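Me: I would like to go through a model and ask, for each label it is given, what the label rests on. Please set each value against its definition before you conclude.

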Amino acid sequence: MVFWISLHEWPLLGPRPFVGLKNYVSTLNDHVFLQAFSFTTRYTLLVTPSIFVPAILLALLLNRRVMGISIIRAIYFTPVIISFVAASLMWRWIYNDLVGIANYLLSLLGLPKVNWLGEYPLLSVIIMIVWKTVGYSMVLLLTGMQSIPAELYEAAAIDGAGRWIQFLRITLPLLRPTFALAVTISVIGSYLGFDFWYVLTGGGPEYDTTTVVLWIYRTAFQFFLLGKGAAMSVFLLAFLVVISYLQIRFIRTRIEY
């Protein structure tokens, strides 16, 4: 249906003439859409490793059987169950220039206040996203680690392999299917990011933090260009299908114990 809409001029009321590929040509000539696509790509390239480095470290630390470990895992996972809108409103208060806790902590260190969302919007959002989603990636990686047979580590230890060698030669190779899934989900989620950008920055200043989905929303539901918004959605869908296929093809390999 979205593809069908993209081939028409689609006002809320009135006739809906067929225009062929006009909306697609208009999309490719839309400098804000191209800028939003570039910004979303840069954000995805920065936020993905920012999530997975601490997620792997946490999974390694929590992959053990000690008293109270389930409670610690639950604590790290708690931000995941909070909605993005609620989390964004909370972090908007944290970043507040006057009463935010971020600037309060800086003042305790004798540092000047920072206009977080005005001067460093990308960094501020990445910090919030890492806090919000690292627990989800941690659980996926932890599940993958626990599915690796313990006999492999025992055999490696007998052969004299230390923990670092075991991690490089056993954990990482056998974790690739899980890692591929987690990275693919993270990349798709980054490109589809909307609600937290809408709440925290609104796409500004100017269009500097406008993401692809935020611009699709404005095109379709604020400017009422539903046909063009649908064409943008088709472009985004096609891109995500290709990039997801390439990620899984590149990262995932056949596993042999």
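Me: Where does Glu206 lie, and why is Glu206 called exposed?

Reply: Glu206 sits in the loop between H12 and H13, where helices are DSSP runs of H or I with at least four residues, strands are runs of E with at least two, and both are numbered from the N terminus. Its relative accessible area is 68%, and the label exposed requires over 50%, whereas buried means under 20% and partly exposed lies in between (1.4 Å probe, protein chains only); Glu206 is therefore exposed. All of this refers to a predicted model, in which local features need pLDDT of at least 70 and side-chain atom pairs count only at pLDDT 80 or more, while totals for chains, interfaces and linings use all residues. Residues are numbered from 1 along each chain as its sequence is written, and side-chain values use heavy atoms, with hydrogens and water left out.

Me: What is noted about the backbone of Glu206, and which peptide bond in the model is cis?

Reply: Glu206 has a positive phi of about 55° although it is not a glycine. The cis peptide bond joins Gly204 and Pro205, with omega about 0°, and Pro205 is likewise found in the loop between helix H12 (195-200) and helix H13 (212-221).

Me: Why does Phe224 count as partly exposed?

Reply: Phe224 has a relative accessibility of 46%, so it falls in the partly exposed class. This residue, placed in the loop between H13 and H14, also has a positive phi, near 60°, without being a glycine.

Me: How do you know that Lys22 and Glu9 form a salt bridge?

Reply: The closest N and O atoms of Lys22 and Glu9 are 3.5 Å apart, and the rule asks for a side-chain nitrogen of Lys or Arg within 4 Å of a carboxyl oxygen of Asp or Glu, so the pair qualifies. Because Lys22 lies in helix H2 (residues 22-28) and Glu9 in the loop between helix H1 (2-6) and H2, the pair ties together parts that are 13 residues apart in sequence.

Me: What makes Asp30 and Lys228 a salt bridge, and how many does the rule give?

Reply: Their side chains meet at 3.0 Å, N to O, which satisfies the rule, and the count comes to two salt bridges. The pair links distant parts of the chain, with Asp30 in the loop between H2 and helix H3 (31-62) and Lys228 in helix H14 (residues 226-251), 198 residues apart. Both partners are buried.

Me: Why is no salt bridge assigned to Lys132?

Reply: The nearest side chain of opposite charge (Lys and Arg count as positive, Asp and Glu as negative, with His and the chain ends not counted) is Asp195, 8.4 Å away, so the distance rule is not met. Lys132 is nevertheless buried, and its side chain reaches the backbone oxygen of Ile82 at 2.8 Å, which is within the 3.5 Å set for a polar contact between N or O atoms, where within protein one must be able to donate a hydrogen and the other to accept it, and residues adjacent in sequence count only if both atoms are side-chain atoms.

Me: What makes H8, the helix that holds Lys132, count as mostly covered?

Reply: Of the 26 residues in H8, 19 are buried. H8 also bends by about 45° at Thr133, the bend being the angle between axes fitted to the seven residues ending there and the seven starting there.
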